[in-house]
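Open the model in your viewer and keep the selection panel at hand. The stops below say what to select and what is there.

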Amino acid sequence: MSAENQTSFADLETAFASESTNVDSSNEFPYRAISRSAIWATVLGAFSLAGYLSIMWPVLALTGLGIVLALFSLRSIRKYPNEFSGRGLAFFALMMNLTILVTGSSFHTYVYLTEVPAGYERIGFNMLRFDGEPDRYTEASVELDGKDVFVKGYIHPASGTGMLNRFIIVGDLQTCCFGGQPKSSEMIEITLKPGQTMKAGDLAKRKLIGKFQLNKFPKTRASFENQVFYRLVSGSDSRLK
């Protein structure tokens, strides 16, 4: 390489170094990263919107983590303003998570307090399920015999397909679809009023009213290995009451 070229490269390197050292010292952090906590808080808030659905209400718990992350992000941005940006995003995430938590919780509380029609007693599968072997009626179920009740559950896939007037409900999705054959005390046989039907084949949680009865002589239903202890007669969708 000629001496002239070596001199030219040396001059360029010197010029570049000189320019770098003359950068305004006040701009020590020319790039500020968006706070990851603010991003994750926004993502959690978006996911928690699913919590408005009755089947997904536990998802509202994500808003608690979203609020913590948003507050942490605001603190970090205030403490290190030259390193982090995203204050507006963090504040938006904080307000979104707070709003979803308050409105979602209020909505589900209102639904719970108003969903049982007058004259009916709320019951749950925890009152009917016997923990032990051999399976049998629970004391609570004996006391409920003959009463008008309100119950929520899922139509078991083995009940059939299409529009059904008679079917089996269970208390949770695991028992419904992922837990194999339910125990006798984990099922209620539903017989709807004449002319009423419900569509099988989805994962919607049903709200039903009717007269609760013990099956004095339990029988095994088609596609079910265990006998059915309980039934609901003159059943109806609670929304039709």
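Select Glu121 and Lys147 as sticks: their side chains meet in a salt bridge, 3.9 Å from N to O. A salt bridge here is a side-chain nitrogen of Lys or Arg within 4 Å of a carboxyl oxygen of Asp or Glu. The pair links distant parts of the chain, 26 residues apart, with Glu121 in strand β3 and Lys147 in the loop between α6 (139-144) and β4. Helices (H or I, at least four residues) and strands (E, at least two) are DSSP runs, numbered from the N terminus. Glu121 is partly exposed at 32% relative accessibility, and Lys147 is partly exposed at 37%. Buried means under 20% relative accessible area, exposed over 50%, and partly exposed in between (1.4 Å probe, protein chains only).

This is a predicted model, in which local features need pLDDT of at least 70 and side-chain atom pairs count only at pLDDT 80 or more, while totals for chains, interfaces and linings use all residues. Residues are numbered from 1 along each chain as its sequence is written, and side-chain values use heavy atoms, with hydrogens and water left out.

Next, select Glu186 and Arg129, whose side chains form a salt bridge of 3.5 Å, N to O. Glu186 sits in the loop between α7 (173-178) and β7 and Arg129 in the loop between α5 and α6, so this pair ties together parts 57 residues apart in sequence. Glu186 is buried at 14% relative accessibility, whereas Arg129 is partly exposed at 25%.

Move on to Glu115 and Lys207, a salt bridge with its closest N and O atoms 2.9 Å apart. Because Glu115 lies in the loop between α4 and β3 (121-122) and Lys207 in strand β9, the pair ties together parts that are 92 residues apart in sequence. Glu115 is buried, with a relative accessible area of 10%; Lys207 is partly exposed at 24%. Add Arg122 and Lys152 to the selection: with Glu115 and Lys207 they are linked in a network of salt bridges. The count of salt bridges comes to eight.

Which residues touch the most other members of the largest nonpolar core? Select Phe167, Ile169, Ile188, Leu208 and Phe212, which do so among its 21 residues. A nonpolar core is a set of buried Ala, Val, Leu, Ile, Met, Phe, Trp, Tyr and Cys residues joined through side-chain atoms within 4.5 Å. At least two residues of this core come from each of α5 (125-128), β4 (148-155), β6 (166-170), β7 (188-192), β9 (206-214) and β10 (230-237). Centre the view on Ile188: leaving aside neighbours within four places in sequence, its contacts (heavy atoms within 4.5 Å) include Phe125, Leu128, Val151, Phe167 and Tyr230. A second, separate core has eight residues, among them Ala41, Ala70, Ala90 and Leu94.

For the surface, select Ile34, Ile39, Leu89 and Phe92, which make a nonpolar patch of about 350 Å². Patches are made of residues with over 30% relative accessible area and no salt bridge, like charges being joined within 9 Å and nonpolar side chains (Val, Leu, Ile, Met, Phe, Trp, Tyr) within 5 Å. Leu89 is in helix α4 (residues 87-114) and is partly exposed, with a relative accessible area of 32%.

Finally, show the whole protein chain, which has seven helices and ten strands. Buried residues make up 35% of its 241 residues.

Terms used
Areas by Shrake-Rupley, 256 points an atom, 1.4 Å probe, with all protein chains shown as cover.
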